[in-house]
Amino acid sequence: MGNISSAQSSSPSLPIDSAFDLPSPLPSWPSGEGFAKGIIDLGGLEVFQVTKFNKVWTVYEGGQDNLGATFFEPSSLPEGFSLLGFYAQPNNRKLFGWTLVGKDISGYSLRPPVDYLLLWSGKSTKVENNGNQTEYFWQPLAPEGYSAVGLVVTTTAEKPPLNKIRCVRSDLTDQSEPDALIWESNGLRISSSKPVNRGTQSSSVCVGTFTSNPPLACLKNNKFDFSCMPSKVQIDALFQAYAPLIYFHEDEKYLPSSVNWFFSNGALLYKKGEESNPVPVEPNGSNLPQGEANDGLYWLDLPVASDARKRVQGGDLQSMEVYLHIKPVYGGPLTDIAVWMFYPFNGPSRAKLKLATIPLGRIGEHIGDWEHFTLRISNFSGKLQKMYLSQHSKGSWIDAPEIEFHGGGNKPVAYSSLNGHAMYSKAGLVLQGKDNVGIRNDTGKSEKVFDTAVRFSVVSAEYMKEVEEPAWLNYMRHWGPKIDYGREDEIRGVEKIVVGESLKSMFRSAVNGLPNEVFGEDGPTGPKLKRNWLGDED
């Protein structure tokens with residue numbers, strides 16, 4: 001993905017000057033309806049994902065890491081397809097991107113612009129660029145009933161030809177908003193864009209072009225029938241190809257397990273008002289209350305007997321299974337495989353105070369810990385685009401060029417933090433705080449590792465009739481009890497050994513900045529009650 005064609009120059013070498021591709025060639029996916037066929041019909045408008053580009057203009061300052069950005073024209077379009085916009089990317093990473101091009105199969109889905117508006121020119125701006133070229137950013141002015149979904153970049157003051165690009169019939173478009181910053185200069189802010197309406201039910205389609213202010217429209221899938229989504233057998237093949245290896249810290253005492261192992265080893269169901277008579281959970285969770293809202297009437301807990309309780313707290317890596325939720329993204333051209341992992345227990349947090357590491361008592365402890373990561377895959381080709389890693393109540397996307405892959409193949413590597421189980425893309429310390437004071441998230445390679453391809457099951461895919469959801473997935477109450485361990489007392493206990501009011505203040509600020517789920521005073525809820533179940537990731 002991201003092949004480049006450009007003239008040679010004496011410009012400085014940058015990461016973007018080379019294109020990234022996955023370490024191994026893609027396998028041949030099992031046959032199916034419309035997945036990985038290269039073209040998707042949005043309802044009178046076919047779109048194709050272009051990954052080859054001709055370089056138009058490069059700037060060497062500003063933007064991410066102050067390395068500038070490069071602007072490209074999509075190339076190698078299939079016959080009958082037209083440009084919808086140009087592509088741009090920061091220079092601080094290898095080229096790995098795409099834009100959609102369109103083919104009008106209705107006869108009135110696309111039209112050329114009637115004119116161009118000059119948005120910005122570098123004529124009066126002194127920025128270091130390739131060959132001291134002057135750049136011009138043009139917005140197509142659409143005919144009535146049509147909308148522009150991308151911009152054009154040139155290195156001459158002459159307007160581009162009207163047939164250079166196409167505008168899209170307005171009922172095939174939707175609202176978009178700026179996403180990640182690409183580059184900015186003298187009032188011009190260039191960013192990637194994403195649909196305003198996102199989630200499993202949204203038909204808005206990301207174009208892959210860049211935008212300025214105000215943002216241009218995105219596309220809309222008027223034929224949102226899931227025909228381009230992968231089938232069950234294709235999902236199995238995709239996950240076998242991309243299933244990550246999860247490394248746990250060598251000191252990790254609280255490992256994951258399968259949900260069935262947790263139930264079979266003494267998990268108890270409590271009901272408000274009947275706390276003295278908990279009920280053992282059936283191995284498949286069939287006696288868990290189903291559906292409805294989280295009314296606070298029920299919660300799960302570990303076994304009562306201390307030896308059994310301690311054993312279940314530690315989890316069971318041998319039984320571990322990951323649970324897949326398959327979701328359409330951005331109107332169907334992308335698939336998210338959200339991968340859920342269950343830990344019977346979340347361990348206590350630790351603080352870093354300059355050179356010292358201080359245990360935080362019971363802060364961070366809670367029963368029933370759900371974590372997840374997400375693989376985002378192109379439905380045009382089946383290629384992995386990026387990976388999302390959950391980190392307490394938030395998380396972060398990692399683009400494919402930044403992923404650590406295992407053994408020269410296409411399987412990503414991820415790291416689970418000690419005790420807290422937040423997911424990170426690199427081994428080492430991630431500090432929640434500043435100035436060397438905060439909450440530790442330690443990760444590292446060890447012999448405690450799990451290949452998620454070994455045991456997985458698809459537990460939910462709303463568009464697949466053959467996928468039956470397990471009973472535990474529709475348990476909407478708490479997976480752990482409410483715990484009152486005196487958070488303020490724990491914090492004061494640490495402050496007693498901290499020297500200096502400034503350090504105490506920094507420590508308290510770091511602890512108070514943690515999300516509520518880290519404190520674990522309320523037992524966590526299951527996957528279906530997380531905001532990303534039907535919505536997009538952060």
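Buried means under 20% relative accessible area, and partly exposed lies between that and 50%. The model used here is predicted.

**Exercise 1. Classify the Y388 and W397 pair, then place each residue as buried or partly exposed.**

Step 1. The ring centres of Y388 and W397 are 5.3 Å apart. Rings pair if their centres lie within 6.5 Å, so the two form an aromatic pair.
Step 2. The planes make an angle of 65°. Over 60 degrees counts as edge-to-face, so this pair is edge-to-face.
Step 3. Y388 has a relative accessible area of 2%, so Y388 is buried. W397 has 22% and is therefore partly exposed.
Step 4. Set the pair in context: the whole structure holds 36 aromatic pairs. One aromatic cluster joins F262, F263, Y323, W340, F342, W370, W472, Y475 and W479.

**Exercise 2. Find which charged ends sit over the rings of Y330 and Y247.**

Step 1. Take Y330. The charged end of R376 sits over its ring, 5.2 Å from the centre.
Step 2. Take Y247. Here the charged end belongs to K445, 5.2 Å from the ring centre.

**Exercise 3. Explain why C206 and C228 form no disulfide.**

Step 1. A disulfide needs two cysteine sulfur atoms within 2.5 Å.
Step 2. For C206, the closest cysteine sulfur is in C218, 7.6 Å away, so a bond is ruled out. C206 is buried, at 12% relative accessibility.
Step 3. For C228, the closest cysteine sulfur is in C206, at 14 Å, again too far for a bond. C228 is buried too, with a relative accessible area of 7%.
Step 4. Check the whole structure: the search finds zero disulfides.

Notes. Residues numbered from 1 in each chain as written. Predicted model: local features only at pLDDT ≥ 70, side-chain atom pairs only at ≥ 80, totals over all residues. Heavy atoms only, no water. Phe/Tyr/Trp six-rings, centres within 6.5 Å; stacked < 30°, edge-to-face > 60°. Buried < 20%, exposed > 50% of the residue type's maximum accessible area, 1.4 Å probe, protein only. Lys NZ or Arg CZ within 6 Å of the ring centre and 35° of its normal.
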